[in-house]
Amino acid sequence: MSNKLTCSLILLCTLSAFHPAAYAENSPADQVIISSGTQLAQLQTNIGVFEENVEIIHGERKILADRLEVHRREELGKNKQLLVATGSPAVFQERQADGTLLKATAKEVRYDVANRMLTIKGGAEISQAGQKISAQTIVYDMEKKLISAQRGEQEQNRVRTILLPEKDNTKQPQEKGNP
């Protein structure tokens, strides 16, 4: 099999990991831009591997990692992809509908595309809208907006949440001459 065909299969697998309609619409928002030092496809197991300073940008979503595996299998459901990013740390970022930035970092970041389930392990930290949770493992159901965090079994540290007060934007500056 030629290198061009192998690279095409890797990109095809990865493109569908982010948006199943990406091929039909061809708009800039649907583009998936992948940068890495090396790319490899394991065709028998349907796994694409990207290594060395990996960066993937797709619309409002961005993944940074030392290594990224894209698993594509029938048993994974409708979109059939599982993304496994590893790094020191690996980073998953997504701009939310309300304009806030969801940022997750850990040694391992797993994103189940079909279920919109984010699992981060190993020094896991997730932050959004002034809230930050740190734990050994954090699971975030992005559809239900449900976060579950656990400390490691051998760790003495507890799960830690930091809540920052919201800014009060309702106060209007007073005009001169008005009390």
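Trainee: What is the bridge partner of Gln42 in β3?

Mentor: In this predicted model, Gln42 has Ile47 of β3 as its bridge partner.

Trainee: How do you know that strand β2 and β3 pair?

Mentor: Two strands pair if at least two bridges are found between them. Five bridges join β2 (residues 38–42) to β3, so the condition of at least two bridges is met. The two strands run antiparallel. They form a hairpin with four residues between them, and Asn46 in the turn has a positive phi of about 55 degrees.

Trainee: What makes strand β1 and strand β3 a pair?

Mentor: The same test of at least two bridges applies. Strand β1 (residues 32–35) and strand β3 (residues 47–58) are linked by four bridges in the antiparallel sense, so they count as paired. Here Val32 stands opposite His58 in β3.

Trainee: How many bridges join β3 to β4?

Mentor: There are 10 bridges between β3 and β4, and these strands run antiparallel. Phe50 stands opposite Leu68 in β4. These strands also form a hairpin, with two residues between them; Gly59 in the turn has a positive phi of about 60 degrees.

Trainee: Why is Glu69 called buried?

Mentor: Glu69 lies in strand β4 (residues 61–72). Its relative accessible area is 19%. Buried means under 20%, so Glu69 is called buried.

Trainee: Which residues does Glu69 touch, not counting residues up to four places away in sequence?

Mentor: Glu69 touches Ile47, Gly48, Val49, Leu82, Leu83 and Val84.

Trainee: What makes the approach of the Glu69 side chain to the side chain of Arg67 a polar contact?

Mentor: The distance is 2.8 Å. A polar contact requires a pair of N or O atoms within 3.5 Å, one able to donate a hydrogen and the other to accept it. The distance therefore satisfies the cut-off, and the two side chains are recorded as making a polar contact.

Trainee: Why is the aromatic pair of Phe92 and Tyr111 called tilted?

Mentor: The structure holds one aromatic pair. In this pair, Phe92 and Tyr111 lie 5.1 Å apart centre to centre, with 45 degrees between the planes. Centres within 6.5 Å make a pair; planes under 30 degrees apart count as stacked and over 60 as edge-to-face. The angle of 45 degrees falls in neither class, so the pair is tilted.

Trainee: Which parts does the pair tie together?

Mentor: Phe92 lies in strand β5 (residues 81–95) and Tyr111 in strand β6 (residues 101–112), so the pair ties together parts that are 19 residues apart in sequence. Both Phe92 and Tyr111 are buried.

Definitions and conventions: Residues numbered from 1 in each chain as written. Predicted model: local features only at pLDDT ≥ 70, side-chain atom pairs only at ≥ 80, totals over all residues. Heavy atoms only, no water. Phe/Tyr/Trp six-rings, centres within 6.5 Å; stacked < 30°, edge-to-face > 60°. Buried < 20%, exposed > 50% of the residue type's maximum accessible area, 1.4 Å probe, protein only. Contact = heavy atoms within 4.5 Å.
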